[in-house]
Amino acid sequence: MSYVTIVWSVIAAGALVLGALHTLVWLLDRRALANLAFASVAFGAAGVTALELAMMNASSAAEWGHWVRWYQLPNFFLIVGTVVFIKLYLGTGRAWLMWTLIALRVTILLSNFAVEPNFNFERIDSIAQVSLFGEQISIVGDATTAPRQWIATVAALLSIVYVLDAAISLWRTGTADARRKALVVGGAIAFFFAIAIVNTQLVVWGLLKTPTLTAPPFLITLVAMGFEMSRDTLRASRLARELHESERALQLAASAAGLGLWSWDVTRRRLWATHRARSLFGLDDTGPLEPRDLLPRISTEDVARVSKALHAAEATGMEQEVEFCVHAPGDAPRWLVARGRWERDTPSGRKLIRGVLREVTDQHRTQEELEELRRELAHAGRLSTLGQLTSTLAHELRQPLTAMLSNAQAARLLLRMPHVDRTELTAILEDIQRDNSRAAEVIDRLQAMLKRRPMDIQALPIEALLHDVSSILRNDAVRRGVALETSVEAATLVAEGDRVHLSQVLINLIMNAMDAVAPMPPSRRRVAVHARRADAEWIEIAITDSGAGIPTDVLPTIFDPFFTTKPAGMGMGLAISRTIVEAHRGRLTVENNPTDGATFRVVIPRFTAGSSSGQLDRLSGETIERGRQAVRT
């Protein structure tokens, strides 16, 4: 029985098994580069062991030199894999020294196959026989060492320096785990390098007549490295179990809170969701889940918003939230809110998005009920406002009706004359038509104010809006002796909003301003309404009065429902006005002026071609011109 063959074969087999195991670990997790480096070391060690056995069984000097030449190939993977493993696993070691070693080993490997008989020797004349484990093995006999062997010797010494430097650097970090790794892994590799390198160099330089014994000392190193790597594997297994328990606890907590958890691996096209998340979409727990299973259940008009939120999350790297409606077969529509964030796994290049899903159907229904209540309150506010404007509206209607009556009587008298003046009669009829249009306009405005309807967001010329409001309030302002002034910064200023609702807000604010200046002397009763472009996205309408201002203790609560400073007030006007403005995505604020009076500021969105309302894509110049002419009139 050949003990040499048995020992070297066992070492090679053990190295192959370790190499295969750690290759499998790397294949399952491409981030485990340290396992890949260890596999390279193990496979290199198996090759070195096999070639050492072949060298010991060589029958001639030429055969022995042939195996020495091929010895350099697995030896390259053994040494380079070791230095890379140290860098990856220990996290220490000087990078410049590592790359120097790799460059030297590449040089040695390439030169080895370019010269005869190999890199280490100029000439091998004979081999000798020695006894090992009771049997005869071959070693180098008469040979001439090549001068280039100094490169291999320097590389060998640098390997020892690199390992010791990395182990010492890790030891200095001071943690128990780091010191154990430095001692076990660094110490074992340094021992292997010291024994194997000293033995190999002495044999090549002809100072020692023994076989090259790389395999036995490497067995110690292999056991130490495998033991340390196994600790990490066991730790990872324990962490996996703890993670699984944490995941179950998280799912239980999320389910108790009505939340569904989900993740989407974009690279692998895998979608995972908890039972709660699946049930929200009306899906069962069986079978794999894919994005195409969810898309048909999302409301058609919401698909674009969901897609936009996903792209925004990927572009910004920030959490995004989107609300959408789901129609599951056999179930009532559900409103869901999804919140998630993209993650990118740098080593593998995988893209992943994780998030939560919750149902907001009840909140959405409550919001609709609140919106209906807001419309009813706004309607009640308009009725209250129109009640206060009864005399003004009666006066506005009386004027065109009286003019039409007078013109009709004049036309009848004209028709009784023997010779009818057709030109004069035509002028009278045109006056009647014009006065009729004025009366119809007043009635239309009154009907629009009285009608209870949802907001119709569209492009709204500010000049036309202010004209509507000033037309309604003009006679009331004259009756009160208030100078009402309106101005617009630019004739083309266009907002995005509902004409009737915003008219209600401005009428309420202007009437409050006229009430505020009522106690002032006639010369100080002034109310100014000025519209301007606040910035690229917003328009500001300021209502400024010259009254006594608002007491500082009242300012924080002036917009609260049922709060009023008027003896007969309901306390709902300003609350409704703020609600309407906020429904336009705007804001309503108030501040006292530096001198006298107060200023209410209504800030609403400016209309653009890509406005969110989607009601109009453009506003014609003709519409703007009509608004401009109305203000001139």
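**Exercise 1. A charge over a ring**

Over the face of which residue does R148 lie, and at what distance from the ring centre?

*Solution.* The model is a predicted one. In it, R148 is placed over the face of F119, and the separation from the ring centre is 5.8 Å. A charge counts as sitting over a ring if CZ of Arg or NZ of Lys is within 6 Å of the centre and within 35 degrees of the ring normal. A further case is K181, which lies over the face of Y89 at 4.6 Å from the ring centre.

**Exercise 2. An aromatic cluster**

Determine how F38, F85 and Y89 come to form one aromatic cluster.

*Solution.* Step 1 is the choice of descriptors. A pair of aromatic rings is described by the distance of the centres and the angle of the planes.

Step 2 takes the pair of F38 and F85. Their ring centres are 5.9 Å apart and their planes make 55°. Planes under 30 degrees apart count as stacked and those over 60 as edge-to-face, so this pair is classed as tilted. F38 belongs to helix α2 (residues 33-56) and F85 to helix α3 (residues 61-90); with their positions 47 residues apart, the pair links distant parts of the chain.

Step 3 takes the pair of F85 and Y89. Here the centres are 5.1 Å apart with 10° between the planes, and the pair is stacked. Both residues lie in helix α3, four residues apart, about one turn of the helix.

Step 4 joins the results: F85 pairs with F38 and also with Y89, and the three residues form one aromatic cluster.

Step 5 concerns burial, for which the limit is under 20% relative accessible area. F85 has a value of 0% and is therefore buried; Y89, at 11%, is buried as well. F38 is likewise buried.

**Exercise 3. A mixed sheet and its helices**

Describe the five-stranded open sheet and the helices that contact its strands.

*Solution.* Step 1: the strand order is β11-β13-β14-β16-β15, with mixed pairing. Step 2: β11 (483-488) and β15 (587-592) are the edge strands, each pairing on one side only. Step 3: on average, neighbouring strands are turned by 15° against each other, direction ignored.

Step 4: β14 (residues 538-545) and β16 (residues 598-605) run antiparallel and are joined by seven bridges. Within this pairing, E540 stands opposite V603 in β16.

Step 5: helix α14 (residues 462-480) packs on the sheet and touches β11, β13 (526-533) and β14, with its direction at about 175° to that of β11. Helix α16 (residues 573-583) lies across β15 and β16 and runs at about 130° to β15.

How values were computed:
Residues are numbered from 1 along each chain as its sequence is written. This is a predicted model: local features need pLDDT of at least 70, side-chain atom pairs count only at pLDDT 80 or more; totals for chains, interfaces and linings use all residues. Side-chain values use heavy atoms; hydrogens and water are left out. Rings of Phe, Tyr and Trp (its six-membered ring) pair if their centres lie within 6.5 Å; planes under 30 degrees apart count as stacked, over 60 as edge-to-face and the rest as tilted. Helices (H or I, at least four residues) and strands (E, at least two) are DSSP runs, numbered from the N terminus. Buried means under 20% relative accessible area, exposed over 50%, partly exposed in between (1.4 Å probe, protein chains only). Two strands pair if DSSP finds at least two bridges between them. Axes are lines fitted to C-alpha atoms, for helices over the stretch in contact, and angles run from 0 to 180 degrees between N-to-C directions. Contact means heavy atoms within 4.5 Å.
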